[in-house]
Every structure is written in structure tokens, then in C-alpha cells.
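Before reading on, take a moment to look over the chain and its fold. The paragraphs below go from a definition to the whole protein, and then to the meeting of two helices.

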Amino acid sequence: MSQAHLTVPQHTTADGVHLAALAKARGMSLAAYLDDLSQQEEHQALLGRATAAFDAAIDRPGFVDAFDKAFGGLPSARK
């Protein structure tokens with residue numbers, strides 16, 4: 001039976017000091033700053049999945065018309 005191994009990056013004290021400085025500059029605790037970073041990463045992953053789903057669906061018949069109807073279409077160009 002094989003075991004999956006997870007490689008955990010090794011961080012130095014300098015990394016922690018740098019992160020703490022970034023948190024302090026934003027008026028946040030290190031824990032709050034790391035939580036915010038985590039939420040941003042999760043949001044980016046969700047956006048990536050949504051973009052991939054949109055790209056996969058755009059060639060389906062009727063998709064563009066349905067999208068325009070649901071979201072109001074593209075704004076008209078100003079002249």
C-alpha cells in the first residue's frame with residue numbers, strides 16, 4: 001500500500017516577520033491578515049472555476065442570448 005506524501009514548504013523566521021509587517025501596515029493582526037489572504041485565494045479559485053465553466057458553455061446554442069437576457073448584455077458603445 002502506498003502512502004501519499006504532502007510536501008509542506010519550510011518557512012523561515014524572516015517570512016513570519018515579513019508577513020507580520022504586512023499585517024501591521026494594514027492595521028490587522030497576523031491571524032486576521034492570513035485569514036484575509038486565505039479568503040482571497042479561495043475567491044480566486046472560485047473565479048477560475050467560473051471562468052472555465054463560462055468558457056466551456058459559450059459555444060452552446062442559445063447560451064449567449066440567454067446570458068444577454070439574464071445580465072442585460074454588453075453596454076452600447078458611445079460615439
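A residue is called buried when its relative accessible area is under 20%, exposed when that area is over 50%, and partly exposed when the value lies in between. Please keep in mind, too, that the model shown here is a predicted one.

With these words in hand, we can start with the protein as a whole. It contains three helices and zero strands, and a reader who follows the sequence from its beginning meets them in the pattern α-α-α. Of the 79 residues in the protein, buried residues make up 4%. The surface that the protein exposes comes to about 7400 Å², and 60% of this area is supplied by carbon and sulfur atoms.

We can now turn to helix α1, which takes in residues 13-25. Does its length fit what one would expect of a helix, and what distance should its residues span? At 1.5 Å a residue, the 13 residues of α1 should span 18 Å, and the C-alpha atoms at its ends are indeed 18 Å apart, so the expectation and the model agree. After α1 comes G27, a residue whose phi is positive, near 70 degrees.

Next, consider how α1 is placed against helix α2, which is formed by residues 30-57. The two helices pack at an angle of about 90 degrees, and their axes lie 9 Å apart. Because of this angle, α1 is roughly perpendicular to α2. On the side of α1, the contact is made by L19, A20, L22 and A23, while on the side of α2 it is made by L30, Y33 and L34. Sorted by class, the contact consists of seven nonpolar residues, with no polar and no charged residues taking part.

Two residues of α1 are worth following one after the other. A23 belongs to helix α1, and because its relative accessibility is 1%, A23 counts as buried. Leaving aside residues up to four places away in sequence, A23 touches M28, S29, L30 and Y33. The C-alpha atoms of A23 and L34 are separated by 8.2 Å, although these residues stand eleven residues apart along the chain.

G16 is also found in helix α1, but with a relative accessibility of 33%, which lies between the two cut-offs, G16 counts as partly exposed. Between the C-alpha atoms of G16 and L30, which are 14 residues apart along the chain, the separation is 9.0 Å.

Methods:
Residues numbered from 1 in each chain as written. Predicted model: local features only at pLDDT ≥ 70, side-chain atom pairs only at ≥ 80, totals over all residues. Heavy atoms only, no water. Axes fitted to C-alpha atoms, helices over the stretch in contact; angles between N-to-C directions. Helix = DSSP H or I, 4+ residues; strand = E, 2+ residues; numbered from the N terminus. Parallel < 35°, antiparallel > 145°, perpendicular 65-115°, else oblique. Contact = heavy atoms within 4.5 Å. Nonpolar A, V, L, I, M, F, W, Y, C, P; charged D, E, K, R; others polar. Buried < 20%, exposed > 50% of the residue type's maximum accessible area, 1.4 Å probe, protein only. Expected span 1.5 Å × (residues − 1). Areas by Shrake-Rupley, 256 points an atom, 1.4 Å probe, with all protein chains shown as cover.
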